[in-house]
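Subject: Structure for you to look at

Hello,

Here is the structure I said I would pass on. My notes follow it.

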Amino acid sequence: MKYSFKNIASVIGAGVIVFGFSLWGLFGSKGDFSESERRVLAKLPEANAETIFSGKFMSDFENYALDHFPMRDTFRGIKSASVLGFFRQKETNGLYIQDGYLAKAETELSDEMLSHAAERFQHIYDTFLKDTDTNVYFSIVPDKHYFLSEESSRLSLDYDRLVSEMKSKTKYMEYIDIFPLLSIEDYYRTDTHWRQENITDVAAAIGSAMGVNPDADYVTLELDKPFYGVYYGQLALPVKADTLYYLNNSTLDECTVTSYNTGLPVEKSVYDMEKAQGRDPYEMFLCGADPLITIENPNAKTDKELVIFRDSFGSSLAPLLVEEYSKITLVDIRYMQSGAIGSFVQFENQDVLFLYSTLILNNSLAMK
Amino acid sequence: MLFSSITFLYYFFPIVLILYFAAPKMLKNAVLLLTSLVFYGWGEPKYVFLMIISIICGYICGLLIEKYKGKAQSKIALIASCIISLGMLGYFKYADFFIDNFNAVTGLSVPLLKLALPIGISFYTFQILSYTVDVYRGSVPAQRNPINLAAYVTMFPQLIAGPIVRYSDVAKQLDERTHSIDKSAEGIKRFVCGLSKKIFIANILGELAGLFLATEQQSVLFCWMYAAAYSLQIYFDFSGYSDMAIGLGKILGFDFMENFNYPYISSSVTEFWRRWHISLGSWFRDYVYIPLGGNRVSKLKWFRNIFIVWMLTGFWHGADWNFIVWGLYFAFFLILEKLYLGKFLSKYKAVGHCYVLLAVMISFVIFGAPDFRLAFECIKGMFGMAGLPIATAETLHYLRSYAVIIVLAVIGATPLPKKLYAMAEKKSAAITAIAEPVAIVVLLLLSTAYLVDGSFNPFLYFRF
């Protein structure tokens, strides 16, 4: 009798799961975008003789079925929890939690990627900066794994070699070391980025190395919504959200920000409150990913200009340098050809800063 | 299509179940055939026709063999069946291997065919051969219903990675089989068990093996970890797949033969091969070894037979020299045991266990290495002859990260969990009556979580 119950329960239990999720998957509502992974989800592929016999329909359908599986993020979270909790693996999909911080384990230093980044910098230098009066600087932002791996026995890439390799390949630039100024507390727990309210000392050090003295007073403002960073979505575990703070003052309020995202100038603001309410609140800093953006400061102490070649870390740092420059131009060569910069910027006697995180330098293929 | 995929679990299989159980008895094999063709065509749309041609040839040859029983035409039909089946296998699987070696020996540059290997061709070729040979031997009557024969060959649970189901084992079941809640429950349990072995152990150990192949910081310990991880991975991958096949078969009313019986507890290589890939071993025994004379011949011919069978066993696994060497490596140990070690190993079981584990781990290093150089480097590394450090920080990191999985895999490769479960059931059937369905549901959901999250899911035996 008991065995009979066991078998009936097994069949019903498995049947409910298989048929339940099958029907839910077939007839449930489907989104177009994964908020947690910040990517577009696969679309139902078109079935015709060509796609079927080439096998494309099948492979695309597999992706579609995965992307639109009911409770997908919950299942991803269950997987992460079992990998890190039950199986006690150090990482899941390269991500881990330590001391409440979510981070990515960067373990392999890629000489190829470093060379590519250095080659791109060299190209920019040779094309636009070499025979000008510009002062060229270079600084590297460590990622969170640099600090967390130091505190534990985690594998880590050789950060010292990364810095020395990049320095040796960019001898035409003056290197500004900001590693000693940073600690893990200067980063969001759930995101890759640093906290703007904690990097005024970094801005001061970089400014000082460039011969300016950014020491403005700021009001610290709190974003009125929880900030779930990029690692939160990737790990899919129920971790407490960050609070996003940003620094403001009258100088920043009066700056004119112009984006050239579409090729034409569009006026923006230093802190984009529309983006703050969007999918990635960190994008509030200078409108997020943008190939070319300028900040003009009518109240600048000097008429000096600064050009920053940067990744997303530069978005939250640049406002802290504004007070010393009449104009800051931020260039992201991941989104524009470096050869096209000359159409927008006349290099004469500006300060030029290359500011890149270790994450981007070690994965530099997107640099154009 | 893989069993361990969302498409199979939540789209294909529910539809199969509805169609299969809704169909009247006389149409069940037709439903099985059609759904199996969809299953195969999902991964190999073009090669469906190749498989259909093989089945038609097998069907016609089977009828001719029976019709001309005892006459020369019967033998001709059998030979035709063998030539067609093995010819297709040879052309699609081995042509480039022979061309490549021909070019190497002669210095010519005959262009390679570069054909994609049809999935499961090694399995269904052997099944068709077993059918025609058995009909020739008179062990089974020829199947007159082409749908039944096609359903046997294409049956999706065992189509792409076995076990190699013999026609004689399922001939009666094709006409008459029972379906019940108890059998379905047994099948579900077996399927979920296999799915879990594949997803929670084989795939994760596969990551570790992949890390070894990718690393530039090898060490003695890492070489051993790789050998152990890969040996366990291939066992859990393949036996997990066999469990899923047997489970699915039970849900559909079939009883397939067991394919694994805890091979890593063996105390001799001879015993290991009685417990590992049983359907392949018995196929070669019945269709190659015994027809060659088996052991009822002179010692020299006996050893020749062993070497032929094991060379073919290795070659069956893949068209490369490492597979042939892998097969011959086992032939060497089998002869060694027959001549000298057999009695010693049966007397000193503990020594035998260590010897088997060592021999098998080395064999899988040869089996799994991308090339001979790497295989020998790894074997040298295992014994401290490659100038590697004992361990590196990277090795220790991975050891810590995969320790739980390795321990679970080692325990899971023994009959201990099964014994413990049997004891628990004996002690309190009421508890296991509740625990078993709960475990099935939990493991199915957890497997789903892994599938939804990950894309790393290839079956090791997929191309064999």
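This is a predicted model. I start with a helix in chain B: the buried residues of α13(B) pack against three helices of chain B, namely α5, α12 (278–289) and α14 (321–347). The buried residues in question are Asn305(B), Ile306(B), Val309(B), Trp310(B), Thr313(B), Gly314(B), Trp316(B) and His317(B). Viewed along the axis of α13(B), they fall within an arc of 160°, so they line one face of the helix. An α-helix has 3.6 residues a turn, so residues three or four places apart point the same way. As for its dimensions, α13(B) covers residues 299–317, which is 19 residues, and spans 27 Å between its first and last C-alpha, close to the 27 Å expected at 1.5 Å a residue.

Helix α10(B) has another kind of setting. Of its 32 residues, 29 are buried, so α10(B) is largely enclosed by the rest of the structure. The helix takes in residues 220–251 and reaches 46 Å from its first C-alpha to its last, again close to the expected value, 46 Å at 1.5 Å a residue. Gly253(B), just after α10(B), has a positive phi of about 95°.

Next, the domains. The domain assignment splits chain B into domain 1 (6–177) and domain 2 (183–452). Their C-alpha centres are 26 Å apart. The contact between them involves 23 residues from domain 1 of chain B and 21 residues from domain 2 of chain B. On the domain 1 side, the elements that each supply at least two residues are α1, α4 (72–106), α5 (121–137), α7 (156–159) and α8 (167–175) of chain B. Of these, α5(B) gives the largest share, five residues. That side of domain 1 of chain B is made up of 14 nonpolar, five polar and four charged residues. Helix α5 of chain B therefore appears twice in these notes, as it is also one of the helices that the buried residues of α13(B) pack against.

Last, the contact between the chains. Here 40 residues of chain B touch 39 residues of chain A. On the chain B side, two or more residues each come from α1 (6–22), α9 (181–214), α17 (393–412) and α19 (429–453). The largest share, 15 residues, is from α19(B). By class, the chain B side holds 27 nonpolar, six polar and seven charged residues.

Regards

Notes: Residues are numbered from 1 along each chain as its sequence is written. Chains are lettered from A and ligands numbered from 1 in the order in which they are written. This is a predicted model: local features need pLDDT of at least 70, side-chain atom pairs count only at pLDDT 80 or more; totals for chains, interfaces and linings use all residues. Two residues are in contact if their C-beta atoms, placed from the backbone, lie within 7 Å. Helices (H or I, at least four residues) and strands (E, at least two) are DSSP runs, numbered from the N terminus. Ala, Val, Leu, Ile, Met, Phe, Trp, Tyr, Cys and Pro count as nonpolar, Asp, Glu, Lys and Arg as charged, and the others, Gly among them, as polar. The expected span of a helix is 1.5 Å times one less than its number of residues. A residue is buried if 20 or more other C-beta atoms lie within 10 Å of its own, exposed if 12 or fewer, and partly exposed in between; C-beta atoms are placed from the backbone. Domain bounds come from an automatic or database domain assignment. The arc is that of the directions from the helix axis to the C-beta atoms.
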